[in-house]
Amino acid sequence: MTYGYRTDTYGLGVGGGGDRGGLRESAARHALLPLRLFLGITFIYAGIDKLTQGGFFAATGTGSVGELMRNVRDTSAIPALVDLALKSPAGFGYAIALGELAVGLGTLFGVFARLAAFGGALISLSLWLTVSWQSDPYYYGNDLIYLMAWLPLVLAGAPAFSLDAVLAGRRRRIR
């Protein structure tokens with residue numbers, strides 16, 4: 001059964017009239033939007049928070065990335081990853097902060113959404129394997145939850161309300 005559903009330039013559902021099939025299809029198409037909004041805003045906030053937090057990029061001191069890495073080194077799943085971060089705590093801190101900011105913006109605005117989600121999944125995976133690995137029980141570690149939340153966006157991208165959807169719509173019209 002088809003519902004005559006199509007999207008406009010912005011990835012918004014048009015057509016389908018008032019029939020329930022069109023509404024269901026539209027709801028399914030927009031189902032990942034709340035997740036995109038949450039992850040995008042959260043990662044933008046996390047990146048900005050790190051960039052504006054005094055002392056975060058220091059090698060030592062309370063609240064510094066260096067101190068955090070030293071505290072989790074012996075309980076992480078991959079101590080070598082922590083050792084790598086400890087070679088340049090400021091560089092690692094900037095990489096995480098700028099990565100979170102880029103991932104958040106890409107996810108929120110739907111720009112290279114699958115790539116942004118993959119970046120978010122990699123950040124979450126690395127933080128889970130280092131910082132929150134020792135959480136007991138394992139499901140208390142929020143980085144694992146973030147990792148799982150990124151996976152649907154890696155698979156589906158941002159089919160609606162996104163720059164990706166606008167560009168896809170233009171490509172379809174050109175053909």
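**Exercise 1. The enclosed space**

How much space lies in the largest cavity? Work out which residues line the largest cavity, and how these residues divide by class.

*Solution.* The model to be examined here is a predicted one. Begin with the count: the structure holds 1 cavity of 30 Å³ or more. About 50 Å³ of space lies in the largest cavity. Next, take the lining, which is made by Arg-29, His-30, Leu-32, Leu-33 and Arg-36, together with Gly-157, Ala-158, Pro-159 and Ala-160. Finally, sort the lining by class, which gives 5 nonpolar, 2 polar and 2 charged residues.

**Exercise 2. The open pocket**

Determine the volume of the largest pocket, the residues nearest its centre and the elements that contribute to its lining.

*Solution.* The volume comes first: the largest pocket holds about 340 Å³ of space. Its lining consists of 18 residues, and those that lie nearest the centre of the pocket are Ala-46, Lys-50, Glu-100, Leu-127 and Asp-143. Two or more residues of this lining are given by each of the helices α2 (33–52), α3 (65–72), α5 (89–109), α6 (113–130) and α7 (142–156). Sorted by class, the lining of the largest pocket has 12 nonpolar, 3 polar and 3 charged residues.

**Exercise 3. The order of the elements**

Set out the secondary structure of the chain from the N terminus on, and state what share of its residues is buried.

*Solution.* The chain has 8 helices and 2 strands. Reading from the N terminus, the order of the elements is β-β-α-α-α-α-α-α-α-α. As to burial, 37% of the 175 residues of the chain count as buried.

**Exercise 4. A network of salt bridges**

Which residues are linked with Arg-73 in a network of salt bridges? Trace each pair in turn, and then turn to the pair formed by Glu-67 and Arg-70.

*Solution.* A general point helps at the start: side chains of opposite charge can pair when their charged atoms come close. A search of the whole structure finds 4 salt bridges. In one of these, the side chain of Arg-73 meets that of Asp-74, at 3.3 Å from N to O. The side chain of Arg-73 also meets that of Asp-83, at 2.7 Å from N to O. Because Arg-73 lies in the loop between α3 and α4 (79–87) whereas Asp-83 lies in helix α4, this pair ties together parts that are 10 residues apart in sequence. Put together, Arg-73, Asp-74 and Asp-83 are linked in a network of salt bridges.

The accessibility of the members can now be added. Arg-73 counts as partly exposed at 28% relative accessibility, and Asp-83 counts as partly exposed at 28% as well, while Asp-74 is exposed, with a relative accessible area of 67%.

The remaining pair to be traced is that of Glu-67 and Arg-70, whose side chains meet in a salt bridge at 3.8 Å, N to O. Both residues lie in helix α3, 3 residues apart, which is about one turn of the helix. Glu-67 is partly exposed, with a relative accessible area of 29%, and Arg-70 is partly exposed, with 37%.

**Exercise 5. A nonpolar patch and backbone features in loops**

Identify the residues of the nonpolar surface patch, and then locate the residues with a positive phi and the cis peptide bond.

*Solution.* The patch, of about 450 Å², is made by Phe-112, Leu-115, Phe-118 and Leu-122. Phe-118 has its place in helix α6 and is partly exposed, with a relative accessible area of 44%. Phe-112, by contrast, lies in the loop between α5 and α6. Since its relative accessible area is 61%, and exposed means over 50%, Phe-112 counts as exposed.

The backbone of Phe-112 also deserves a step: its phi is near 50 degrees, a positive value in a residue other than glycine. Phe-161 likewise has a positive phi near 50 degrees; this residue lies in the loop between α7 and α8 (163–174) and is partly exposed, with a relative accessible area of 41%.

The cis peptide bond, with omega near 0 degrees, runs from Asp-136 to Pro-137. Pro-137 has its place in the loop between α6 and α7.

Terms used. Residues are numbered from 1 along each chain as its sequence is written. This is a predicted model: local features need pLDDT of at least 70, side-chain atom pairs count only at pLDDT 80 or more; totals for chains, interfaces and linings use all residues. Side-chain values use heavy atoms; hydrogens and water are left out. On a 1 Å grid over the protein atoms alone, a cavity is a set of points where a 1.4 Å probe fits but cannot get out, and a pocket is an open set with protein on both sides within 12 Å along at least five of seven lines; lining residues have an atom within 4 Å of a point. Grid points are joined across faces, edges and corners, and a volume is the space filled by probe spheres set on the points. Ala, Val, Leu, Ile, Met, Phe, Trp, Tyr, Cys and Pro count as nonpolar, Asp, Glu, Lys and Arg as charged, and the others, Gly among them, as polar. Helices (H or I, at least four residues) and strands (E, at least two) are DSSP runs, numbered from the N terminus. Patches are made of residues with over 30% relative accessible area and no salt bridge: like charges are joined within 9 Å, nonpolar side chains (Val, Leu, Ile, Met, Phe, Trp, Tyr) within 5 Å. Accessible areas come from the Shrake-Rupley method with a 1.4 Å probe; for residues, only the protein chains shown count as cover. Buried means under 20% relative accessible area, exposed over 50%, partly exposed in between (1.4 Å probe, protein chains only).
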